[in-house]
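Student: Please take a close look at the last helix of this chain and what surrounds it. I would like one connected account rather than a list.

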Amino acid sequence: MLKRLRATTTALAVGGCSGPLSTLDPAGPAATSIATLWWAMLAGSVVLTLLVLTLLALAFVRGPRRAPGGTSLWIGWLGVAMPTTVVMVLLGFALALGEQTIARSMAGVVVVEARAHQWYWDFRHAGAEGEIVTRNVLHIPAGRPVNVRLEAADVIHSFWVPRLAGKMDAIPGHVNVLRIEASQPGVFEGQCAEFCGLDHAEHRFRVIAHDEAGWAAFQRGDQP
């Protein structure tokens, strides 16, 4: 029974690390930074949890006894200094990852206009012979950064492709810019991450990352 429970728990835990909407299965630089930060935060939380459990266990084992100077050690070092150190290390790590993402070269950046509606997305791409408009399918070149200019036609929505980048709101009357990039060609699922009405659960879209030949064909108007 215990072995079966362990196997089931492990399968559920591992299953949550993959899938079309998993943030722990990155396929681009921005998503990789987010996943790395998540694992670092998990490690920090494990350290703090073990500290708390250790202190709790010692409280039960030692009872009300107090050694000279012991209280200041536990409260001052293990109770304050150690958690503060862990949090500051995590904060510094997050800022360093963010700086790396922002500092990436702007050379070769592709710009796409994304407009959210209840409950679909319009994407406008620059083509060889003029603008190419698609619905619920965003086309990008693999291996190149893409700036998605987000806005909304009605209410606040949120653009999220977990395997390529973090989420960002699309707001009526305002333009937000999100940088995404796919390291390899492929198809990636996207989801509106802000409740936007009755059909919010179906407010999905797809990102197709093309290789060089596929991207050239798309820009000529040869949509798959």
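Tutor: Glycine 221, just after H4, takes a positive phi of about 100°. This is a predicted model, and that angle, like every other value here, is computed from it.

The helix before this glycine, H4, spans residues 212-219. Its buried residues are Trp215, Ala217 and Phe218. These three lie on the same side of H4, because they cover an arc of only 160° around the axis. The face turned away from that buried side carries Glu212 and Ala213, which are exposed. H4 therefore has a buried side and, facing away from it, a side with exposed residues.

What covers the buried residues of H4? The cover includes strands E1 (110-117), E2 (120-127), E3 (130-135), E4 (137-141) and E10 (204-210). In the order of elements, the chain runs from the N terminus as α-α-α-β-β-β-β-β-β-β-β-β-β-α, which comes to four helices and 10 strands.

Several of the covering strands also take part in salt bridges, of which the structure holds six. One of them joins the side chains of arginine 115 and glutamate 151, at 3.3 Å from N to O. Arginine 115 is in strand E1 and glutamate 151 in strand E5 (residues 146-152), so this pair links distant parts of the chain, 36 residues apart. Both partners count as partly exposed: arginine 115 has a relative accessible area of 31%, and glutamate 151 is at 25%.

Another salt bridge is formed by the side chains of arginine 135 and aspartate 122, at 3.5 Å from N to O. Arginine 135 lies in strand E3 and aspartate 122 in strand E2, so the pair ties together parts that are 13 residues apart in sequence. Aspartate 122 is buried, with a relative accessible area of 14%, because buried means under 20%.

Glutamate 131 and arginine 124 form a further salt bridge, with their closest N and O atoms 3.0 Å apart. Glutamate 131 counts as exposed, at 52% relative accessibility, whereas arginine 124 is partly exposed, with a relative accessible area of 37%.

Away from H4 and its covering strands, helix H2 (residues 29-62) contains tryptophan 38. This tryptophan is partly exposed, with a relative accessible area of 39%. Trp38 belongs to a nonpolar patch on the surface, together with Trp39, Leu42, Val46, Leu50, Leu53, Leu56 and Phe60. The accessible area of the patch comes to about 820 Å². An unreviewed UniProt entry places the feature "transmembrane region" at residues 39-61 and 73-97. In the model, the span 39-61 is 100% helix and 0% strand, and its end C-alpha atoms lie 33 Å apart.

For the chain as a whole, 30% of the 224 residues count as buried. Of the contacts between residues at least 6 apart in sequence, 65% join residues at least 24 apart. The accessible surface of the chain comes to about 13,300 Å², and 64% of that belongs to carbon and sulfur atoms.

Key:
Residues are numbered from 1 along each chain as its sequence is written. This is a predicted model: local features need pLDDT of at least 70, side-chain atom pairs count only at pLDDT 80 or more; totals for chains, interfaces and linings use all residues. Side-chain values use heavy atoms; hydrogens and water are left out. Patches are made of residues with over 30% relative accessible area and no salt bridge: like charges are joined within 9 Å, nonpolar side chains (Val, Leu, Ile, Met, Phe, Trp, Tyr) within 5 Å. Accessible areas come from the Shrake-Rupley method with a 1.4 Å probe; for residues, only the protein chains shown count as cover. A salt bridge is a side-chain nitrogen of Lys or Arg within 4 Å of a carboxyl oxygen of Asp or Glu. Helices (H or I, at least four residues) and strands (E, at least two) are DSSP runs, numbered from the N terminus. Buried means under 20% relative accessible area, exposed over 50%, partly exposed in between (1.4 Å probe, protein chains only). UniProt positions are given in the numbering used here, feature names are shortened, and annotations may be inferred rather than shown by experiment. The arc is that of the directions from the helix axis to the C-beta atoms. Contact means heavy atoms within 4.5 Å.
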